[in-house]
Amino acid sequence: MLSVWVPELDLRIVLPMDFRINTKEKNLFLILSTISLILMMVVTTLLWWLISPRLHEISSVLAGLSLTALRVFFLILLVGTVVVLLISYTEYNLLVARFAIGAYIKILFPITLLLGRLLGISKEKIRESFVCVNNSFINALKKKFKSSNLLILLPHCLQNIECDIRITTDINKCRKCGKCNIAELCAISDRYKVKMAIATGGTLARKIIIDNKPKFIIAVACDRDLVEGLREVFPIPVYGVLNIRPEGPCVNTQVATKKIQQALDALILNEQKER
Ligand code: SF4
């Protein structure tokens, strides 16, 4: 369930879960990225067609080699696309899942974003869809970790704006008043014995990651910060949870804590779990 704190009434309203941002939509990113790959193939074919007469003039061996290279490139793209679609929709544990995440995060995401912009599709929707695809890849890895190797990274905007406690230095200073999700998240962190930290920006997030050296991160953030974070910390796997912004960006944001619990249940080694 999603709850919204109304300070004027000193009241917390509980809303049905369906109210949250739909994070299950992978199709948008997958369709756009597949079109991007097809366009890449068309562009490279055109380039080859333009330069091949010149290559033939220089050497027929060079022309033959360039054609072979083009065919291998196409084969990689086709096999890669099939593998990515298979992982995304089945979350099947294919050995290449990790490589596929890297290729998508580092190479295909910017191209897909550019295509989306040309088609008039908002960056926000593409990023949200990309986070869903990333999470499918992460699920496909089917890895388990000790709780000490996990890190939950939260944005500062989850804290109620009227709360004057400095939880950025130590989240355990939270007095658990219940006016924001931090109280609930502290309880989850205690129960699962997982480190949790708040980052006020990219620099602090990097420092937290360097200091803690996690093997897996569960990150809560808006679409923009999540995608930037995913790209920056790769190859550390990150499970992304989009925050909810009932009052607009960066103020009194919320998170579906159940998603974090579900991720921890799936990630922590069975013998480590203590309820
Ligand atoms: S739950 Fe914690 S962080 Fe949130 S408003 Fe209350 S004391 Fe502040």
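Reader: How far does helix H4 reach from its first C-alpha to its last?
Author: This is a predicted model, in which local features need pLDDT of at least 70 and side-chain atom pairs 80 or more, while totals for chains, interfaces and linings use all residues. Residues are numbered from 1 along each chain as its sequence is written. H4, a helix (a DSSP run of H or I, at least four residues, numbered from the N terminus), has 19 residues, and its reach is close to the 27 Å expected at 1.5 Å a residue, taken as 1.5 Å times one less than the number of residues. From first C-alpha to last, H4 reaches 27 Å.

Reader: How many of the residues of H4 are buried?
Author: A residue is buried if 20 or more other C-beta atoms, placed from the backbone, lie within 10 Å of its own, exposed if 12 or fewer, and partly exposed in between. H4 is mostly covered, and the buried residues number 14 of its 19.

Reader: Which residues of H4 make the contact with H1?
Author: The axes (lines fitted to C-alpha atoms over the stretch in contact, with angles from 0 to 180 degrees between N-to-C directions) of H1, residues 27-58, and H4, residues 123-141, come within 7 Å and cross at roughly 100°. That makes H1 roughly perpendicular to H4, a description for 65 to 115 degrees. In this contact (C-beta atoms, placed from the backbone, within 7 Å), H1 supplies Leu28, Phe29, Leu30 and Leu32, and H4 supplies Lys125, Ile126, Ser129, Phe130 and Val133.

Reader: Is Ile31 buried or exposed?
Author: Ile31 lies in helix H1, and its C-alpha atom is separated by 9.6 Å from that of Leu85, 54 residues apart along the chain. With 12 other C-beta atoms within 10 Å, Ile31 is exposed.

Definitions and conventions
Helices (H or I, at least four residues) and strands (E, at least two) are DSSP runs, numbered from the N terminus. Angles under 35 degrees count as roughly parallel, over 145 as roughly antiparallel, 65 to 115 as roughly perpendicular and the rest as oblique. Two residues are in contact if their C-beta atoms, placed from the backbone, lie within 7 Å.
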